[in-house]
Amino acid sequence: MPGKITFTMVKPEATTSGLAAKILSMITDSGFRIIALKMIRLSKEQASAFYEVHKDRPFYNDLVEYMISGPVIAAILRKDNAVEDYRRMMGATDPAKADEGTIRKLFATSIQSNAIHGSDSDENAITESNFFFPEIERFY
Ligand code: ADP
Ligand code: MG
């Protein structure tokens, strides 16, 4: 498979406020190929499991409630250096600290409602992609 993958979600507030198409076009304009895509509303169990790594953090319960408050758009993206390049394009977790031109600087409304998710390592990109997409739903 040429290039590597990362996993992203457009989070509920960005999806329901009509920002998904804009965000997806920024993603493809930056050289990522979308190899899987779906809109889905997570169950509480799914959101809790997806963010389990954060279960001891004070923001965990609010994060899970937020992530199930509406639909998300989930995607697998392919590009050389996908994880690192996408993290740079996302911007910092806290939009107040995000660089100009990043997705979070442009579209996030708070540290919790920060527009998108992006994997933080190649290993997690694979785990998170597998969480959402069977092989039959991927188009390399
Ligand atoms: P990132 O999404 O940048 O990888 P983390 O993995 O640390 O950030 O956190 C996962 C998500 O949890 C964040 O995207 C954000 O929605 C939420 N979050 C992180 N830190 C906080 C915080 N201090 N207060 C509220 N929500 C937070
Ligand atoms: Mg993270």
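One aromatic cluster in this predicted model is formed by Phe7, Phe50, Tyr51, Phe131, Phe132 and Phe133. Let me take two pairs of rings from this group of residues. Phe50 and Tyr51 pair edge-to-face, with 5.0 Å from centre to centre and 85° between the planes. The rings of Phe132 and Phe133 have planes at 40° and centres 6.4 Å apart, so this pair is tilted. The count of aromatic pairs comes to eight.

Are these four residues buried or exposed? Phe50 is buried at 9% relative accessibility, and Tyr51 is buried at 6%. Phe132 counts as buried at 5%, and Phe133 likewise, with a relative accessible area of 2%.

A further ring has a charge as its partner. The charged end of Lys79 sits over the ring of Phe32, 5.5 Å from the ring centre.

I turn now to helix α4, which spans residues 60-67. Its buried residues are Tyr60, Leu63, Val64, Tyr66 and Met67. Why do they line one face of the helix? Seen down the axis of α4, the buried residues fall within an arc of 160°, so they share one face. Among the elements that cover them are β1 (4-10), α1 (12-16), α3 (44-50) and β3 (72-79).

Tyr66 of this helix leads to my last residue, Ser113. Ser113 lies in the loop between α6 (103-107) and β4 (116-118). Leaving aside residues up to four places away in sequence, Ser113 touches Glu13, Tyr66 and Ala108. With a relative accessible area of 11%, which is under the 20% limit, Ser113 is buried.

Notes:
Residues numbered from 1 in each chain as written. Chains lettered and ligands numbered in written order. Predicted model: local features only at pLDDT ≥ 70, side-chain atom pairs only at ≥ 80, totals over all residues. Heavy atoms only, no water. Helix = DSSP H or I, 4+ residues; strand = E, 2+ residues; numbered from the N terminus. Buried < 20%, exposed > 50% of the residue type's maximum accessible area, 1.4 Å probe, protein only. Contact = heavy atoms within 4.5 Å. Arc of directions from axis to C-beta. Phe/Tyr/Trp six-rings, centres within 6.5 Å; stacked < 30°, edge-to-face > 60°. Lys NZ or Arg CZ within 6 Å of the ring centre and 35° of its normal.
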